[in-house]
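Here is a short set of exercises to work through with the model open on your screen. Try each task yourself before you read its solution.

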Amino acid sequence: MSYWVNGVVCNSIDVSDRAVQFGDGCFTTIHVFNHQPKMMDSHIARLVQDSARLKLPQPDWQALEAQVHAICQQQIEDEFVCKVIISRGTGGRGYSSVGFNQPTVIISVASFPQHYQALQQLGVKLILSRIPISKNPYLAGMKHLNRLEQILIRQEIDEADFDEALVVDTDGILIECCSANIFWRKGETVFTPSLAFSGVNGLMRQKILAHLLASPYDLQEVERFPEVLGCCDEVLICNTLMPILPVASIRIDENKPLWHYLSRELFEYLFLRCQI
């Protein structure tokens with residue numbers, strides 16, 4: 001991996017940075033193809049919105065976008081992942097954010113995950129995580145830096161040797177996956193969890209919602225328990241890197257049979273539409 005901190009090639013940051021001390025910031029993860037960052041306008045819009053919600057000091061957004069484009073052009077590989085982090089900055093000791101006027105901007109590039117192409121053919125194996133995520137409308141939808149819940153969930157996935165996990169909130173309501181949003185289809189109706197109180201409103205989720213609103217499908221954002229997936233026709237998950245993957249099976253309980261899914265109707269409808 002390679003890193004840039006405030007526009008300078010660097011692989012370290014100040015230990016007093018709020019990203020280190022408190023996870024005080026937000027981020028976005030960009031799929032770069034043919035040296036071009038995909039959905040760049042949406043990624044910048046997300047950073048602007050999330051940093052405003054957190055009342056972070058604002059970087060020069062035009063300069064940041066220009067730097068991302070320049071970094072993408074410099075890479076040897078033509079497909080990779082670019083991550084942008086906005087931190088409140090350095091200094092201070094306590095929680096107060098008074099006096100922070102200069103954010104820390106961290107950009108990194110990493111190799112593109114190679115397993116997604118195989119999963120598009122094989123389908124994803126999901127497990128129901130035992131670890132819930134918190135309900136908080138002030139943080140719901142945001143891609144902030146506090147990811148401890150996802151780290152614990154990812155540990156559970158790796159230990160169980162599954163691809164991803166269904167994640168519920170503290171009331172047991174289905175919200176998302178560890179690193180992806182989720183949709184399911186029953187007949188001509190497509191469902192996705194409401195993210196009013198928890199979860200990340202992913203950019204690919206937003207793109208799929210826009211496509212479905214203009215499609216023959218009926219779209220509903222709902223609050224449901226994960227058991228609803230046991231009687232649907234199809235399940236898929238999405239993020240900006242996947243960008244969408246069909247779900248082959250779900251294990252809701254190790255003492256019960258897996259749920260299996262054969263239909264790929266919705267996946268095939270969305271797949272090419274989500275490549276742009």
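Leaving aside its neighbours within four places in sequence, which residues is Asn181 in contact with? Bear in mind throughout that this is a predicted model.

**Exercise 1. Describe the surroundings of Asn181.**

Solution.
- Step 1: place the residue. Asn181 lies in strand β10, which covers residues 181–186.
- Step 2: list its partners. Beyond the four-place window, Asn181 is in contact with Glu176, Leu195, Val200, Asn201, Gly202, Arg205, Leu236, Ile237 and Cys238.
- Step 3: look for a polar contact. The Asn181 side chain comes to 3.2 Å from the backbone nitrogen of Gly202.
- Step 4: check accessibility. Asn181 has a relative accessible area of 5%, so this residue is buried.

**Exercise 2. Take the salt bridge between Glu221 and Arg205, and decide for each partner whether it is buried or partly exposed.**

Solution. Arg205 has already appeared among the contacts of Asn181.
- Step 1: find the distance. In the bridge between Glu221 and Arg205, the closest N and O atoms are 2.9 Å apart.
- Step 2: locate the two ends. Glu221 belongs to strand β12 (residues 218–222) and Arg205 to helix α6 (residues 203–213), so the pair, 16 residues apart, links distant parts of the chain.
- Step 3: compare with the cut-off of 20% for burial. Arg205, at 4% relative accessibility, is buried, whereas Glu221, at 48%, is partly exposed.

**Exercise 3. Set two further salt bridges side by side: Asp24 with Arg18, and Asp171 with Lys135.**

Solution.
- Step 1: begin with Asp24 and Arg18. Their side chains meet at 2.9 Å, N to O. Asp24 has a relative accessibility of 9% and counts as buried, and Arg18 counts as buried at 4%.
- Step 2: turn to Asp171 and Lys135. Here the N to O distance is 2.8 Å. Asp171 sits in the loop between β8 (164–168) and β9 (174–177), and Lys135 in the loop between β7 (124–128) and α5 (148–160); the two are 36 residues apart and link distant parts of the chain.
- Step 3: check exposure for this second pair. Asp171 is partly exposed, with 48% relative accessible area, and Lys135 is partly exposed, with 36%.
- Step 4: widen the view. The structure has nine salt bridges, and a network of salt bridges links Arg185, Asp233, Glu234 and Glu265.

**Exercise 4. Work out why the buried residues of helix α3 line one face.**

Solution.
- Step 1: check the length. Helix α3 (residues 61–74) has 14 residues and should span 20 Å at 1.5 Å a residue; its end C-alpha atoms are 20 Å apart, in agreement.
- Step 2: name the buried residues. These are Trp61, Leu64, Gln67, Val68, Ile71 and Cys72.
- Step 3: look down the axis. The buried residues of α3 fall within an arc of 135°, and therefore line one face of the helix.
- Step 4: recall the general pattern. With 3.6 residues a turn, an α-helix has residues three or four places apart pointing the same way.
- Step 5: see what each side meets. The buried residues pack against β1 (2–5), β3 (25–33), β4 (36–37), α2 (40–53), β5 (79–87) and β6 (104–111). On the face turned away from the buried side are the exposed residues Gln62 and Gln74.
- Step 6: inspect the start. A side-chain oxygen of Asp60 comes within 3.2 Å of the backbone nitrogen of Gln62 there.

**Exercise 5. Find out how many disulfides the structure holds.**

Solution.
- Step 1: give the count. There are zero disulfides.
- Step 2: test Cys82. Its closest cysteine sulfur, in Cys72, is 4.8 Å away, which is too far for a bond. Cys82 is buried, at 0% relative accessibility.
- Step 3: test Cys178. The nearest cysteine sulfur is that of Cys177, 8.5 Å away, and Cys178 is in no disulfide. Cys178 is also buried, at 8%.

**Exercise 6. Which residues does Phe27 touch, not counting residues up to four places away in sequence?**

Solution.
- Step 1: place the residue. Phe27 lies in strand β3 and is buried, at 8% relative accessibility.
- Step 2: list the contacts. Phe27 touches Arg46, Leu47, Lys83, Val84, Ile85, Lys143, His144, Leu145 and Arg147.
- Step 3: pick one of them. Val84 is 57 residues from Phe27 in sequence, yet their C-alpha atoms are 5.5 Å apart in space.

Definitions and conventions. Residues are numbered from 1 along each chain as its sequence is written. This is a predicted model: local features need pLDDT of at least 70, side-chain atom pairs count only at pLDDT 80 or more; totals for chains, interfaces and linings use all residues. Side-chain values use heavy atoms; hydrogens and water are left out. A salt bridge is a side-chain nitrogen of Lys or Arg within 4 Å of a carboxyl oxygen of Asp or Glu. Buried means under 20% relative accessible area, exposed over 50%, partly exposed in between (1.4 Å probe, protein chains only). Helices (H or I, at least four residues) and strands (E, at least two) are DSSP runs, numbered from the N terminus. The expected span of a helix is 1.5 Å times one less than its number of residues. The arc is that of the directions from the helix axis to the C-beta atoms. Contact means heavy atoms within 4.5 Å. A polar contact is a pair of N or O atoms within 3.5 Å; within protein, one must be able to donate a hydrogen and the other to accept it, and residues adjacent in sequence count only if both atoms are side-chain atoms. A disulfide is a pair of cysteine sulfur atoms within 2.5 Å.
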